[in-house]
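Hi,

Here is the structure I promised to pass on. Please look it over, then read my notes below.

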Amino acid sequence: MDIHEYQAKEILARFGVAVPQGALAYSPEQAAYRARELGGDRWIVKAQVHAGGRGKAGGVKLCESEHEILDSASDMFGQKLVTHQTGPEGKGVYRVYVEGAVAFNREIYLGFVLDRTSQRVMIVASSQGGMEIEEISAQRPESIVRSTVEPAVGLQDFQAREIAFALGIPAKLMQQMTRTLQGCYRAFTELDATMVEINPLVITADDRVLALDAKMTFDGNAVFRHPHIAELRDKSQEDPRESRAADRGLNYIGLTGNIGCIVNGAGLAMATMDTIKLAGGEPANFLDIGGGATPERVAKAFRLVMSDDNVQAILVNIFAGINRCDWVAEGVVQALKANPVDVPVIVRLAGTNVEEGQKILAKSGLPIIRANSLIEAAERAVTAWKNDVAQNTKMRAV
Ligand code: GDP
Ligand code: MN
């Protein structure tokens, strides 16, 4: 789960990381008012979206008057900001953050990530901050410092100093730097984060170590332990298909293909997507409806998959272990009768009571295409999709 920059800064500040003075605004007028409250004569107006790369995309503006703040904020509000991290559809800007501008001498990159190989928190830092980490690793790989933290003892001061020395931090700033590293590490572990990134962490002209940007991502499976984090969820920043699914307790990831998938079990869902690709198609989504494929859940899944305009065929692939194929078949039939769909539907059932399930599908009178194996199902889905598209194109031409 992602949160906004201003929220990450607020959290990190509580853990002792120094951040600039700032204030949130929901309109250009409020942004100007906030700047006046903050005082000073130079401000940074920053679009709050769940993505980095805002600077290059016009989402971070230096302003020197109230007029400029109104102008910059007006440009940002209501826009879909497209950065290299948002995808082509961009992310809506509904909040901006206003900060007093800071003069700095150096930009440092600082990231805390989960390193799956060592199964530890890894600190990644570079003296070449300001650029994206991908860019740094392509252009200045030698500047990157990596250090894993021994979980039994946590981040030790000597280790934090080692990182600081490797970054060339002068001795007089050592304490501020270790405090920053310790704060990030504690926030990461205590709040079940999966990523903390400060880019840039700067050394200001008046010798302060200051986080000018902050990004935090949390483990979605652990946010229930942190209600104050859970409430930071901002649905305006999520793929609407995915937030609808999350609200319904379905595991859904939207993709860009045309074949919608309704599957029980994450492993089977992955295998189904692979097989669709193997058969020459592209999946429109990953969808795991979970163990209990009840008629209600199946119906919800159909509605969700059909809400994606790109879907031109639906493949239902259910393996009934604890479940029963006849129940699932009943669910599919009920769902399709209640909400008829205008695309081909391919159903593959396997497991307990499969014969009864097939009979229910056959007797339903619905134009369901049945398949026995996964590869057969995927091939039939791809063929049905291609035929259907060809037919619709012909119909449009007539
Ligand atoms: P991102 O592009 O989404 O990562 O947004 P950032 O918050 O990192 O802002 C982009 C760039 O704007 C930073 O790399 C800085 O160089 C610059 N910037 C941000 N805040 C300030 C500030 O207070 N003063 C100055 N001079 N530059 C800033
Ligand atoms: Mn940044």
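Asp213 touches Glu5, Lys9, Lys46, Arg54, Glu197, Ile198, Asn199 and Pro200, not counting residues up to four places away in sequence; contact means heavy atoms within 4.5 Å. The side chains of Asp213 and Arg54 share a polar contact of 3.1 Å (a pair of N or O atoms within 3.5 Å; within protein, one must be able to donate a hydrogen and the other to accept it, and residues adjacent in sequence count only if both atoms are side-chain atoms).

This is a predicted model: local features need pLDDT of at least 70, side-chain atom pairs need 80 or more, and totals for chains, interfaces and linings use all residues. Residues are numbered from 1 along each chain as written, chains are lettered from A and ligands numbered from 1 in written order, and side-chain values use heavy atoms, without hydrogens or water.

Now the metal. Asn199 (O) and Asp213 (OD) are the protein donors of the manganese ion (ligand 2), 2.2 Å from it. Donors are N, O and S atoms within 2.8 Å of the metal (3.2 Å for Na, K and Ca); water is not among the atoms, so sites may look incomplete. Asn199 sits in strand 10 and Asp213 in the loop between strands 11 and 12, so the pair ties together parts 14 residues apart in sequence. Strands are DSSP runs of E, at least two residues, numbered from the N terminus.

Both donors are buried (under 20% relative accessible area, 1.4 Å probe, protein chains only). For Asn199 the value is 10%. Its side chain reaches the backbone nitrogen of Gly130 at 2.8 Å.

Best wishes

Key: Helices (H or I, at least four residues) and strands (E, at least two) are DSSP runs, numbered from the N terminus. Buried means under 20% relative accessible area, exposed over 50%, partly exposed in between (1.4 Å probe, protein chains only).
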